[in-house]
Amino acid sequence: MADFDYDLFVIGGGSGGVRAARIAAGYGARVAVAEEYRYGGTCVIRGCVPKKLFVYASHFSETFEDAEGFGWSVGERSFDWEKLIDAKDREITRLEGIYRRNLERSGVELHDTRAVIEDAHTVRLMADNRRITARYILVAVGGTPNVDPDMPGGEHVITSNEAFHLADFPKKIVVAGGGYIAVEFAGIFNGLGAETTLIYRGEEILRGFDMDLRKTLHEEMEKKGIRVICGDVFTSIEKTAEGLIGSTKLGETITADKIMFAIGRRPNTAGLGLETAGVETNRNGAIIVDEQSRTNVPSIYAVGDVTDRVNLTPVAIREGHAFADTVFGDKAWSTDHELIPTAVFSQPEIGTVGMTQEEAEAKFANLDIYRASFRPMKHTLSGRDEKMLMKVIVDADSDRVLGVHILGPDAGELSQVLGIALKMGAKKADFDATMAVHPTAAEELVTMREPAERIRA
């Protein structure tokens with residue numbers, strides 16, 4: 001492979017690109033990575049990690065209130081946004097340093113610059129206009145938040161990128177969108193003390209999730225003081241001396257200090273040179289790849305959100321690892337995109353794996369639906385009016401568990417373990433044969449005996 005400067009050139013220093021680079025270097029490949037912003041990618045720098053830290057911070061307002069039910073007297077309290085931002089920034093800087101050091105220890109060369117593809121084996125480093133050649137190019141540049149460029153006043157909104165760096169905490173905020181980023185940030189701002197509204201064009205929040213989860217989360221968010229508007233959308237935003245004034249399609253006027261758009265993300269492929277190299281993309285700009293993450297150009301691969309398959313950090317990591325093993329390690333395998341457990345750090349939290357009831361009804365003739373809704377044990381003393389929901393979807397003909405959906409404390413942690421069981425093909429009889437752990441909320445998963453609903457062809 002000496003005809004090229006590198007055996008592998010990775011564009012993007014996020015989770016998928018970093019994993020691919022380190023694994024390939026471990027096989028002896030000459031590897032380089034170009035990153036134009038910060039190493040760690042969206043998840044570490046301005047996504048999952050800082051968001052989870054903000055979620056933790058937002059929980060304390062309720063924790064202080066709940067403590068009184070357990071005999072604690074909590075004195076005067078206040079929240080300092082600037083302290084939270086500073087603490088978050090220190091942690092993100094620490095994590096970026098780890099990503100850099102791990103790459104360097106693996107023998108990967110780092111280029112802190114934007115890189116643009118020129119042909120099947122060439123990239124241009126924009127910082128010094130230098131051309132680099134590689135036998136293989138891996139595109140792992142992730143995604144970027146969607147905005148509405150045609151909406152009057154759209155320049156006044158923020159996205160999740162800016163939400164992590166606001167100089168002042170907004171007293172009043174509107175979040176536009178109904179996906180996991182939207183509901184998570186609505187919970188964050190509400191928990192930290194902002195008057196919060198969520199507006200979503202769809203009939204119910206969290207499209208793609210099980211409907212019982214969607215409706216229950218909507219109810220619980222409103223109990224916490226979040227105003228949730230469905231079936232409406234902003235048509236214009238005006239900036240005034242008092243703040244922002246948003247007008248909606250249904251004629252409502254909403255005022256706020258900040259308006260945050262969380263209306264989805266798109267592959268970050270603009271200006272990357274894909275057209276010049278002949279790499280095919282779809283209408284959303286996502287790079288089209290096969291099951292081994294290979295594009296139509298044999299020397300160019302892509303992993304992670306830029307392919308718009310399953311846009312989750314662990315999926316990008318797995319895709320990057322599979323690529324490096326296959327191309328450089330002579331261990332061909334591809335990522336299985338089925339039965340992926342996932343969490344939404346809404347308030348209450350969601351953990352889910354497998355089919356929704358709607359998906360199961362479309363594929364299976366006979367279903368048993370097990371459903372339990374109850375008050376978490378903690379709130380018997382705290383007095384908080386909050387539901388926990390657990391739902392198990394079973395193919396009545398084979399007894400196989402098709403999906404498990406949980407809303408409540410630690411639901412994300414539970415979904416990871418449940419993902420193992422469903423991946424192994426667990427049946428409802430396996431759940432029934434498992435001893436309950438008492439007293440826990442999770443014991444409901446193995447003690448639900450009679451279906452709440454039987455669906456038959």
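What follows is a chat about the domains and salt bridges of this predicted model.

Colleague: Let's start with the layout: which domains is the chain divided into?
Modeller: Keep in mind that we're looking at a predicted model. One of the domains is built from two stretches, 6-145 and 266-329, and that is domain 1. The others are single stretches: 154-263 is domain 2, and 342-456 is domain 3. So the division, which comes from an automatic or database assignment, gives domain 1, domain 2 and domain 3.

Colleague: What area is buried between domain 2 and domain 3?
Modeller: Their centres, taken over C-alpha atoms, are separated by 29 Å. Even so, 19 residues of domain 2 are in contact with 21 residues of domain 3. Carbon and sulfur atoms give 61% of the buried area, which comes to about 1,700 Å².

Colleague: And how many salt bridges does the rule find across that interface?
Modeller: Polar links are there too, with nine residue pairs in polar contact across the interface of domain 2 and domain 3. For salt bridges, one pair to look at is Lys224 with Glu386, where the closest N and O atoms are 2.8 Å apart. Across the interface of domain 2 and domain 3, the salt bridge count is five.

Colleague: Which element gives the largest share of the side of domain 2 that touches domain 3?
Modeller: Across this interface there are nine residue pairs in polar contact. On the domain 2 side, the elements giving two or more residues are helix H6 (180-191) and helix H7 (211-223). The largest share is nine residues, and it comes from H7.

Colleague: Lys224 caught my eye. How many residues apart in sequence are the parts that it ties together with Glu62?
Modeller: The side chains of Lys224 and Glu62 meet in a salt bridge, 2.7 Å from N to O. Lys224 is in the loop between H7 and strand S10 (227-230), while Glu62 belongs to helix H3 (residues 48-67), so the pair links parts whose separation in sequence is 162 residues.

Colleague: Is Arg384, the partner of Glu65, buried or exposed?
Modeller: Arg384 forms a salt bridge with Glu65, with 2.9 Å between the closest N and O atoms. Arg384 lies in the loop between helix H11 (379-382) and strand S20 (388-395) and Glu65 in helix H3, so this pair ties together parts 319 residues apart in sequence. Glu65 is partly exposed at a relative accessible area of 43%. For Arg384 the relative accessible area is 16%, and since under 20% is the cut-off, Arg384 is buried.

Colleague: Which residues are linked in a network of salt bridges?
Modeller: Lys224 has a salt bridge to Glu386 and another to Glu62. Arg384 pairs with Glu65. The network takes in Glu62, Glu65, Asp66, Lys224, Lys378, Arg384 and Glu386.

Colleague: How about Glu118 and Arg124: what is the N to O distance in their salt bridge?
Modeller: Glu118 is partly exposed, with a relative accessible area of 24%. Arg124 is buried, at 18%. Their side chains meet in a salt bridge with an N to O distance of 2.4 Å.

Colleague: Last one: which side chain does a polar contact of 3.1 Å join to Ser293?
Modeller: Ser293 sits in the loop between helix H8 (274-277) and strand S16 (300-302), and at 3% relative accessibility it counts as buried. Leaving aside neighbours within four places in sequence, Ser293 is in contact with residues including Tyr301, Ala302 and Glu319. The side chain joined to Ser293 by that polar contact is Arg309.

Conventions: Residues numbered from 1 in each chain as written. Predicted model: local features only at pLDDT ≥ 70, side-chain atom pairs only at ≥ 80, totals over all residues. Heavy atoms only, no water. Contact = heavy atoms within 4.5 Å. Buried area = accessible area lost by both parts, 1.4 Å probe. Salt bridge = Lys/Arg side-chain N within 4 Å of Asp/Glu carboxyl O. Polar contact = N/O pair within 3.5 Å; in protein donor to acceptor, adjacent residues only side chain to side chain. Helix = DSSP H or I, 4+ residues; strand = E, 2+ residues; numbered from the N terminus. Buried < 20%, exposed > 50% of the residue type's maximum accessible area, 1.4 Å probe, protein only.
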